[in-house]
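Visitor: Hello! Could you walk me through this protein, one question at a time?

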Amino acid sequence: MGILLALLFILQIIGFLVMTLLYVKISKFNNLEKKQQQLMKEMDQSILAYLEEIKEENDRLIHQLNQRTEDQMKHTSNLAPREQSTSKSVEVPEPQPKPHPVPVHFALRSYQKMAEIEKGEIETKPDSNLKPLSDRQKAKQLYAEGTPIVDIARELKKGKTEIELLLKFD
């Protein structure tokens, strides 16, 4: 009977140890969950602050663009009355260059191509027997002039992918 009591006492101590270990693990898990929630709140706050900063920057950019267009409108409207009223004065304000709607590299390629074509026309004018360009050559020429691939495909009545492949493998 003494052995049985000692065995039960040892089993009870082991049971308490297991319960203590489980409690420690659960409390660690709860602490981890609280930390995760806190980190999520901090991330949400930082993202909101970042989005708010972007929104303010966009609003400021829109405001500046609106001011520029208003200033340009005022400048152009002020130029017309000045020209009429100050026709005797020698001062002529320099017009501000407007941004070109075509990207510079497309315009540059187009001008270079036009110069090549003009040189080519001068050399080939004595030969009035010009061969019509093949689709491949037309596609290359149009692409060099800055024509979008979709428009080239439409003009040559071919698929966009086919034109891309023609240009890629040539």
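Below, a visitor asks and a guide answers.

Visitor: What kind of model is this, and how many helices and strands does the protein have?
Guide: Welcome! This is a predicted model. Read along the sequence, the protein follows the pattern α-α-α-α-α. The count is five helices and zero strands.

Visitor: What share of the 170 residues is buried?
Guide: A residue counts as buried when its relative accessible area is under 20%. By that cut-off, the buried share of the 170 residues in the protein is 6%.

Visitor: Which residues of helix α4 are buried, and how wide an arc do they cover?
Guide: Helix α4 runs over residues 149-156, and its buried residues are Ile152, Ala153 and Leu156. They sit on the same side of α4, because around the axis they cover an arc of only 100°.

Visitor: Which residues are exposed on the other side of α4?
Guide: Exposed means a relative accessible area over 50%. Arg154 has 57%, so Arg154 is exposed. Together, the exposed residues on that other side of α4 are Arg154 and Glu155.

Visitor: Which residue meets Arg154 in a salt bridge?
Guide: Side chains of opposite charge can pair when their charged atoms come close. The partner lies in helix α4 as Arg154 does, three residues apart from it, which is about one turn of the helix. This partner is partly exposed, at 32% relative accessibility. With 3.0 Å from N to O, the residue that meets Arg154 is Asp151.

Visitor: How many residues apart in sequence are the parts that Lys158 and Asp135 tie together?
Guide: Lys158 and Asp135 form a salt bridge, and their closest N and O atoms are 3.3 Å apart. Lys158 lies in the loop between α4 and α5 (160-168), while Asp135 belongs to helix α3 (residues 135-144), so the parts they tie together are apart in sequence by 23 residues.

Visitor: Are Lys158 and Asp135 buried, partly exposed or exposed?
Guide: Partly exposed covers the range between under 20% and over 50% relative accessible area. Lys158 has 28%, and Asp135 has 31%. Both values fall in that range, so Lys158 and Asp135 are partly exposed.

Visitor: Which residues are joined into one network by salt bridges that share partners?
Guide: The structure holds three salt bridges. One of them links Glu162 with Lys158, where the closest N and O atoms are 3.6 Å apart. Glu162 is partly exposed, with a relative accessible area of 39%. Through shared partners, the residues joined into one network are Asp135, Lys158 and Glu162.

Visitor: Which residues gather in a patch of negative charge on the surface?
Guide: One member, Asp59, is placed in helix α1 (residues 2-85). Asp59 counts as partly exposed, at 43% relative accessibility. The full patch of negative charge is Glu52, Glu53, Glu56, Glu57 and Asp59.

Visitor: How much accessible area does the nonpolar patch on the surface have together?
Guide: The patch is formed by Met1, Leu4, Leu5, Leu7, Leu8, Ile10, Leu11, Ile14, Val18 and Leu22. Leu22 is found in helix α1. Together, the residues of this nonpolar patch have an accessible area of about 1,000 Å².

How values were computed. Residues numbered from 1 in each chain as written. Predicted model: local features only at pLDDT ≥ 70, side-chain atom pairs only at ≥ 80, totals over all residues. Heavy atoms only, no water. Patch = residues over 30% accessible without salt bridge, like charges linked within 9 Å, V, L, I, M, F, W, Y side chains within 5 Å. Areas by Shrake-Rupley, 256 points an atom, 1.4 Å probe, with all protein chains shown as cover. Salt bridge = Lys/Arg side-chain N within 4 Å of Asp/Glu carboxyl O. Lys, Arg positive; Asp, Glu negative; His and termini not counted. Charge placed at Lys NZ, Arg CZ, Asp CG, Glu CD. Helix = DSSP H or I, 4+ residues; strand = E, 2+ residues; numbered from the N terminus. Buried < 20%, exposed > 50% of the residue type's maximum accessible area, 1.4 Å probe, protein only. Arc of directions from axis to C-beta.
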